[in-house]
Amino acid sequence: MGSLGGWEIVIIIGVLVLLFGAKKLPDMARSVGQSARVFKGEMKGMKSDDEARDAGAAPQAENPAPSSTQGRPDSTN
């Protein structure tokens with residue numbers, strides 16, 4: 001029950017042609033393809049950025065975060 005057969009695809013295409021017209025469908029398909037390409041490129045860029053960051057990162061356990069009171073003057077004087 002998850003796959004579309006041949007007749008279902010034909011009916012969906014027919015409905016799309018009736019709703020949007022035959023002239024607008026190629027433009028819509030082109031814009032969807034361009035959006036998918038841009039999305040895929042951005043995902044590859046994010047993955048390569050993460051890999052580069054992970055490869056060059058020092059272990060965090062050796063560099064503990066500074067204390068919140070470090071560097072503040074004593075107010076008891």
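**Notebook: salt bridges and a helix pair**

D54 makes a salt bridge with R53, and I get 3.9 Å between the closest N and O atoms. Note to self: this is a predicted model. The cut-off for a salt bridge is 4 Å, so I kept this pair in. I looked up accessibility for the two partners as well: D54 is exposed, and R53 is too.

Next I checked what else R53 touches. R53 also forms a salt bridge with D50, with the closest N and O atoms 3.6 Å apart. R53 and D50 sit three residues apart in helix α2, which means about one helical turn lies between them. For R53 I have 54% relative accessibility, and exposed starts over 50%, so R53 counts as exposed. D50 comes out at 35%, so I logged D50 as partly exposed. Put together, D50, R53 and D54 are linked in a network of salt bridges.

How many salt bridges are there by this rule? I count three. Another of them pairs R30 with D27, and here the closest N and O atoms are 2.9 Å apart. Both R30 and D27 belong to helix α2, and they are three residues apart, about one turn of the helix. R30 has 48% relative accessibility, so I put R30 down as partly exposed. D27 has a relative accessible area of 45%, so D27 is partly exposed as well.

Then I moved on to helix α1, residues 6-20. I wanted to see if the length made sense. With 15 residues at 1.5 Å a residue, α1 should span 21 Å, and I find the end C-alpha atoms 21 Å apart, so the two agree. Right after α1 comes G21, and the phi of G21 is positive, near 90°.

How do α1 and α2 pack, and at what angle? I get about 110° between α1 and α2 (residues 24-56), with the axes 9 Å apart. Roughly perpendicular covers 65 to 115 degrees, so α1 is roughly perpendicular to α2. By class, I have five nonpolar residues, one charged residue and no polar ones in the contact of α1 with α2.

Last, I pulled the names for that contact. From α1 I have L16, V17 and F20, and these meet K24, L25 and M28 in α2. Lys counts as charged, so the charged one in this contact is K24.

Terms used: Residues numbered from 1 in each chain as written. Predicted model: local features only at pLDDT ≥ 70, side-chain atom pairs only at ≥ 80, totals over all residues. Heavy atoms only, no water. Helix = DSSP H or I, 4+ residues; strand = E, 2+ residues; numbered from the N terminus. Expected span 1.5 Å × (residues − 1). Axes fitted to C-alpha atoms, helices over the stretch in contact; angles between N-to-C directions. Parallel < 35°, antiparallel > 145°, perpendicular 65-115°, else oblique. Contact = heavy atoms within 4.5 Å. Salt bridge = Lys/Arg side-chain N within 4 Å of Asp/Glu carboxyl O. Buried < 20%, exposed > 50% of the residue type's maximum accessible area, 1.4 Å probe, protein only.
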